[in-house]
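User: I'm new to reading protein structures. Could you pick one small part, look at it closely, and then show me how it connects to the rest?

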Amino acid sequence: MDFDWLQWLAMVVTVGAAWFTASSQQDRRLMGFWAFLASNALWGWWALQHAAWGLLVLQLALAAMNIRGARRNAEHRIIQFDVALRGLAVERLNLEFHDA
């Protein structure tokens with residue numbers, strides 16, 4: 001079976017992933033990391049079909065870095081949520097203190 005079309009799909013997904021990863025919005029960056037992982041899988045599949053072992057190893061390494069980036073982006077989101085909750089708790093304590 002001819003999988004040459006797969007390289008074009010992988011290229012489009014990779015360009016879209018780069019676009020989202022460069023976003024200033026955290027949700028879009030996270031979506032970009034997931035899209036990069038999809039592109040790593042597509043390029044890996046293409047590499048297997050064409051015995052392009054160097055490309056396959058590259059995609060495995062890039063996938064590991066994309067997993068790391070997705071985790072760090074998600075952890076940053078959790079930290080921001082925690083800070084926001086703490087800020088709300090401090091505001092509530094201040095209001096209760098002033099009302100008393």
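Analyst: Let's start with A51, which has a relative accessible area of 44% and so is partly exposed: that value lies between the 20% limit for buried and the 50% limit for exposed. Please keep in mind that this is a predicted model. You can find A51 in the loop between α2 and α3, just after α2 ends. What is the sign of its phi angle? Phi of A51 is positive, near 55°, although the residue is not a glycine. Most residues other than glycine have a negative phi, and that is a good reason to pause at this spot.

Now step back along the chain into the helix that comes before this loop. Helix α2 covers residues 26–49. It has 24 residues and reaches 35 Å from its first C-alpha to its last, close to the 34 Å expected at 1.5 Å a residue. Beyond the loop comes α3, which takes in residues 53–99.

With those parts in view, the overall plan is easy to follow. The protein chain has three helices and zero strands, and its elements run α-α-α from the N terminus on. Of its 100 residues, 26% are buried. Among contacts between residues at least 6 apart in sequence, 58% join residues at least 24 apart. The chain exposes about 7,400 Å², and carbon and sulfur atoms supply 69% of that area.

How does α1 relate to the end of α2 and the loop that follows? D4 is a good guide here. D4 sits in helix α1 and is partly exposed, with a relative accessible area of 35%. Leaving out residues up to four places away in sequence, D4 touches W46 and H50. D4 and H50 are 46 residues apart in sequence, yet their C-alpha atoms are 9.2 Å apart in space.

Further along α1 you meet L9, which is partly exposed at a relative accessible area of 37%. L9 and S39 are 30 residues apart in sequence and 8.4 Å apart in space, C-alpha to C-alpha.

Let's look at α1 as a whole. Helix α1 runs over residues 4–21, which makes 18 residues, and it reaches 26 Å from first C-alpha to last, close to the 26 Å expected at 1.5 Å a residue. Which of its residues are buried? They are L6, A10 and A17. Seen down the axis of α1, these buried residues fall within an arc of 35°, so they line one face of the helix. There is a simple pattern to remember: an α-helix has 3.6 residues a turn, so residues three or four places apart point the same way. What covers the buried residues of α1 includes α2.

The other side of α1 gives a different picture: W8, V12, V15 and W19 are exposed there. Take W8, a residue of helix α1. Its relative accessible area is 57%, so it counts as exposed, the limit being over 50%. W8 also joins M11, V12 and V15 in making a nonpolar surface patch of about 410 Å².

Next, follow the chain out of α1 into the loop between α1 and α2, where A22 is found. At 68% relative accessibility, A22 is exposed. A22 and G32 are 10 residues apart in sequence, and 8.1 Å separates their C-alpha atoms. The loop also holds S23. Is S23 buried or exposed? With a relative accessible area of 16%, S23 is buried. Setting aside neighbours within four places in sequence, S23 is in contact with R28 and R29.

Finally, cross the loop where we began and move into α3, where N66 has its place. N66 counts as buried at 11% relative accessibility. Apart from residues up to four places away in sequence, N66 touches F33, F36, L37 and N40.

To bring it back to A51: this residue lies in the loop between α2 and α3, is partly exposed, and takes a positive phi of about 55°.

How values were computed. Residues numbered from 1 in each chain as written. Predicted model: local features only at pLDDT ≥ 70, side-chain atom pairs only at ≥ 80, totals over all residues. Heavy atoms only, no water. Helix = DSSP H or I, 4+ residues; strand = E, 2+ residues; numbered from the N terminus. Expected span 1.5 Å × (residues − 1). Buried < 20%, exposed > 50% of the residue type's maximum accessible area, 1.4 Å probe, protein only. Arc of directions from axis to C-beta. Contact = heavy atoms within 4.5 Å. Patch = residues over 30% accessible without salt bridge, like charges linked within 9 Å, V, L, I, M, F, W, Y side chains within 5 Å. Areas by Shrake-Rupley, 256 points an atom, 1.4 Å probe, with all protein chains shown as cover. Salt bridge = Lys/Arg side-chain N within 4 Å of Asp/Glu carboxyl O.
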